[in-house]
Structure formats: structure tokens, C-alpha cells
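Student: I would like to learn how to read a model like this one, feature by feature. Where should we begin?

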Amino acid sequence: MTLNTLREMLLWCAVINYGLLLGWFLLFTVAHDWLYRCHGRWFRLSSEQFDVIHYAGMALYKIGILAVNLVPYVALRLGG
């Protein structure tokens with residue numbers, strides 16, 4: 001695998017992951033009540049707990065995208 005291929009792969013992984021994150025955010029904001037009802041069937045959570053779990057999950061996912069995709073991409077761009 002060449003450096004150019006690795007750079008391109010990391011960039012596309014970041015784009016796809018940000019698309020998933022955006023989809024999660026849009027689903028969470030547009031269909032919040034529906035999601036809460038669906039999860040409420042399996043878990044006993046208050047609405048505030050549900051919101052905190054989703055926001056924390058989104059934040060953790062975003063940090064993962066930055067650490068696993070974007071930082072190595074930028075490092076390869078600057079170093080290559």
C-alpha cells in the first residue's frame with residue numbers, strides 16, 4: 001500500500017464517519033421522541049439520561065474520528 005493510497009483511504013474513512021455522525025445527529029434531533037420510545041422499551045431511562053448518553057456517544061465518536069482518521073491523514077499530508 002502506497003502512502004498516497006493510505007492518505008486517500010484515511011480521507012474517505014473520515015468522510016464516511018462524519019456522514020454517519022451527521023446522520024446520527026439528524027436522526028436524534030428530528031426523531032428524538034420516536035428514538036426515546038424505542039429505547040424505552042428495552043431500558044429504563046429518563047429523557048435527560050437518554051440525551052446525555054447520545055451526546056456523550058456522539059462526542060466520543062467524533063474524538064475517535066479525529067484520532068483515528070484525521071490526525072494520521074494530516075500527519076501523512078505534512079510528512080509526505
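Student: In which helix is leucine 35 found?

Tutor: This is a predicted model. Leucine 35 is found in helix H2, which runs over residues 32-40.

Student: Is leucine 35 buried or exposed?

Tutor: The label follows from the relative accessible area, and buried means under 20%. Leucine 35 has 9% relative accessibility, so the residue counts as buried.

Student: What does leucine 35 touch, not counting residues up to four places away in sequence?

Tutor: Contact means heavy atoms within 4.5 Å. On that basis leucine 35 touches Leu27, Phe28 and Phe50. Phenylalanine 50 is 15 residues from leucine 35 in sequence, and their C-alpha atoms are 9.4 Å apart in space.

Student: Which residues are in contact with histidine 32, leaving aside its neighbours within four places in sequence?

Tutor: Histidine 32 also belongs to a helix, namely H2. The contacts of histidine 32 beyond those neighbours are Leu27, Ser47, Phe50 and Asp51. Its relative accessibility is 17%, so histidine 32 counts as buried.

Student: With which side chain does histidine 32 make a polar contact?

Tutor: The partner is the side chain of aspartate 33, at 3.5 Å.

Student: How many helices and strands does the whole chain have?

Tutor: The protein chain has three helices and zero strands. Along the sequence the pattern reads α-α-α. Helix H1 covers residues 3-30, and helix H3 covers residues 47-79.

Student: What does asparagine 17 touch, not counting residues up to four places away in sequence?

Tutor: Asparagine 17 lies in helix H1. Its contacts outside that window are Tyr61, Ile65 and Asn69. Asparagine 17 has a relative accessible area of 19%, and the cut-off for buried is under 20%, so this residue is classed as buried.

Student: Is valine 68 buried or exposed?

Tutor: Exposed means over 50% relative accessible area. Valine 68 has 54% and is therefore exposed. Valine 68 is part of helix H3. A C-alpha distance can be set beside a sequence separation here: valine 68 and cysteine 13 are 55 residues apart in sequence and 9.3 Å apart in space.

Student: How far apart are the C-alpha atoms of leucine 3 and leucine 21?

Tutor: They are separated by 27 Å, with the two positions 18 residues apart along the chain. Leucine 3 is in helix H1. At 46% relative accessibility, leucine 3 counts as partly exposed.

Student: What radius of gyration does the protein chain have, and what would a compact globule of 80 residues have?

Tutor: The protein chain has 17 Å, whereas a compact globule of 80 residues would be near 12 Å. The box filled by the C-alpha atoms, taken along the principal axes, is roughly 50 × 20 × 15 Å. Of the 80 residues, 20% count as buried.

Student: What share of the contacts with a separation of 6 or more comes from residues 24 or more positions apart?

Tutor: In the protein chain that share is 68%.

Student: What supplies the exposed area, and how many charged side chains are there?

Tutor: The protein chain exposes about 5,900 Å², and carbon and sulfur atoms supply 71% of that area. There are 6 positive and 4 negative side chains. The centres of these two sets lie 7 Å apart.

Methods: Residues are numbered from 1 along each chain as its sequence is written. This is a predicted model: local features need pLDDT of at least 70, side-chain atom pairs count only at pLDDT 80 or more; totals for chains, interfaces and linings use all residues. Side-chain values use heavy atoms; hydrogens and water are left out. Helices (H or I, at least four residues) and strands (E, at least two) are DSSP runs, numbered from the N terminus. Buried means under 20% relative accessible area, exposed over 50%, partly exposed in between (1.4 Å probe, protein chains only). The radius of gyration is taken over C-alpha atoms; the globule rule is 2.2 Å times the number of residues to the power 0.38. Accessible areas come from the Shrake-Rupley method with a 1.4 Å probe; for residues, only the protein chains shown count as cover. Lys and Arg count as positive and Asp and Glu as negative; His and the chain ends are not counted. The place of a charge is taken as NZ of Lys, CZ of Arg, CG of Asp or CD of Glu. A polar contact is a pair of N or O atoms within 3.5 Å; within protein, one must be able to donate a hydrogen and the other to accept it, and residues adjacent in sequence count only if both atoms are side-chain atoms.
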